[in-house]
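Work through the exercises below with the structure open beside you. Try each task before you read its solution.

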Amino acid sequence: MPLYFDNELKSPEQSSTSLVAWHKQLNIFAVAYKLTNGGTFYVYNKDGQIIASKSEVERKAEITSFSWHLERQLLAVGWSTGELFIWNNIEKVVNNVKSVHDKPITTLSWSGPKLASADKGGAFAIWKIDGLGRSQSDPIYKHNFEIAITSCISKSHGNTSHLSITNLAKAAVSGDQIALDLFADFNSGFNSRMKLPQKDGESFFLGTDDGKVFYVNDKGEKNECVSLECSIKQLLHSKDGKYLVAMSSDLQVNTINLN
């Protein structure tokens with residue numbers, strides 16, 4: 001029988017929770033808070049202890065979207081003002097992105113070193129982010145769909161590879177305590193079957209407020225895949241990566257064969 005424990009999180013005074021994002025590989029998570037005059041976020045470990053909470057991540061705006069890098073301790077944070085930055089949770093520093101957004105950022109999605117950002121006005125951009133969370137001065141590609149983008153997901157091929165010892169070792173050498181623990185577990189054989197996602201094609205599917213689903217490939221070219229009657233609320237992949245699942249505002253679940 002599973003056993004569960006409650007851990008009360010320490011949060012800012014006079015705040016309310018707006019978003020939660022778990023890291024897919026590491027036992028850490030981020031919580032976005034609405035404050036009386038703005039917003040901020042804290043990063044916690046699996047036991048609910050704060051490992052990051054700094055005044056420089058507080059803004060007089062609300063966090064509208066955030067997303068962890070699939071492997072690294074990099075958190076993309078989008079704000080209601082259109083501001084975008086990358087939080088490096090190892091160095092505890094903010095890396096500002098020269099955002100092309102002037103409306104609330106609605107969705108953020110990683111694919112390898114690429115980050116896709118989209119906003120309520122329809123602006124969409126793909127950024128190249130280095131291992132420290134620093135971006136190039138301008139996006140690699142950008143489009144304006146002129147309608148709110150409600151969901152974005154990177155293209156998945158549905159296959160995995162065994163844990164990358166190289167990436168894990170690099171993180172451990174840089175002082176990442178969680179990577180050090182994972183590396184020790186791996187060497188002991190305890191976690192020798194742990195898997196990480198294989199790098200995909202760095203392309204994305206987008207859902208819009210008028211019910212359309214678009215595909216943006218790794219060259220930045222966009223194509224409309226399907227048009228539904230109601231707004232797209234969320235896009236998901238099937239486990240094998242062969243199907244795209246689109247959930248719309250009329251509570252319909254639509255399956256799209258990617259072949």
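**Exercise 1. Classify a lysine, then find its partner.**

Task: Is lysine 212 buried, partly exposed or exposed? Which residue does its side chain meet in a salt bridge?

Solution. This is a predicted model, so every value here is computed from predicted atoms.
- Step 1. Lysine 212 has a relative accessibility of 23%.
- Step 2. Buried means under 20%, and exposed means over 50%. Lysine 212 is therefore partly exposed.
- Step 3. Its side chain meets that of aspartate 210 in a salt bridge, at 3.5 Å from N to O.
- Step 4. Aspartate 210 has 33% relative accessibility, so this residue is partly exposed too.

**Exercise 2. Follow strand β17.**

Task: How many residues of β17 are buried? Which strands pair with β17?

Solution.
- Step 1. Strand β17 covers residues 212–216. Of its 5 residues, 4 are buried, which leaves the strand mostly covered.
- Step 2. Take β16, residues 204–208. It runs antiparallel to β17, and 4 bridges join the two.
- Step 3. Find a facing pair. Phenylalanine 205 stands opposite tyrosine 215 of β17.
- Step 4. Look at the turn. The hairpin of β16 and β17 has 3 residues between the strands. There, glycine 211 takes a positive phi near 90 degrees.
- Step 5. Now take β18, residues 222–227. It pairs with β17 in the antiparallel sense, over 5 bridges.
- Step 6. Find a bridge partner here. Phenylalanine 214 has glutamate 224 in β18.
- Step 7. Check the second turn. The hairpin of β17 and β18 has 5 residues between the strands. Glycine 220 takes a positive phi near 85 degrees in this hairpin.

**Exercise 3. Place asparagine 45.**

Task: Is asparagine 45 buried or exposed? What does its side chain reach?

Solution.
- Step 1. Locate the residue. Asparagine 45 is in strand β3, residues 38–45.
- Step 2. Read its relative accessibility: 17%. The cut-off for buried is under 20%, so asparagine 45 counts as buried.
- Step 3. Trace the side chain. It reaches the backbone nitrogen of glutamine 49 at 2.9 Å.
- Step 4. List the contacts beyond four places in sequence. For asparagine 45 they are Asn27, Ile28, Phe29 and Ile51.

**Exercise 4. Compare two salt bridges.**

Task: How many salt bridges does a search of the whole structure find? What is the exposure class of aspartate 102 and of aspartate 130?

Solution.
- Step 1. The search finds 6 salt bridges.
- Step 2. One joins the side chains of aspartate 102 and lysine 103, at 3.7 Å from N to O.
- Step 3. Aspartate 102 has 59% relative accessibility, so this residue counts as exposed. Lysine 103 has 40% and counts as partly exposed.
- Step 4. Another joins the side chains of aspartate 130 and arginine 134, at 2.8 Å from N to O.
- Step 5. Aspartate 130 has a relative accessible area of 29%, so this residue is partly exposed. Arginine 134 is partly exposed as well, at 45%.

**Exercise 5. Find what a loop proline touches.**

Task: Where is proline 104? Which residues does proline 104 touch, not counting those up to four places away in sequence?

Solution.
- Step 1. Proline 104 sits in the loop between β8 (93–97) and β9 (105–111).
- Step 2. At 23% relative accessibility, proline 104 is partly exposed.
- Step 3. Set sequence against space. Proline 104 and tryptophan 79 are 25 residues apart in sequence, and their C-alpha atoms are 6.0 Å apart.
- Step 4. List the touching residues. For proline 104 they are Thr64, Trp79, Ser80, Asp119 and Lys120.

**Exercise 6. Judge the whole chain.**

Task: What is the mean pLDDT of the protein chain? Which element has the lowest mean pLDDT?

Solution.
- Step 1. Start with the elements. The chain has 2 helices and 21 strands.
- Step 2. Of its 259 residues, 42% are buried.
- Step 3. The mean pLDDT is 84, and 81% of the residues reach 70 or more.
- Step 4. Strand β14, residues 160–162, has the lowest mean among the elements, 38. Strand β6, residues 74–79, has the highest, 97.
- Step 5. Mark the stretches under 50. Residues 158–163 stay under that value, and the model gives them 18 contacts beyond four places in sequence. Residues 186–200 also stay under 50, with 31 such contacts.

Note on methods. Residues numbered from 1 in each chain as written. Predicted model: local features only at pLDDT ≥ 70, side-chain atom pairs only at ≥ 80, totals over all residues. Heavy atoms only, no water. Buried < 20%, exposed > 50% of the residue type's maximum accessible area, 1.4 Å probe, protein only. Pairing = 2+ DSSP bridges. Polar contact = N/O pair within 3.5 Å; in protein donor to acceptor, adjacent residues only side chain to side chain. Contact = heavy atoms within 4.5 Å. Salt bridge = Lys/Arg side-chain N within 4 Å of Asp/Glu carboxyl O. pLDDT = per-residue confidence, 0-100.
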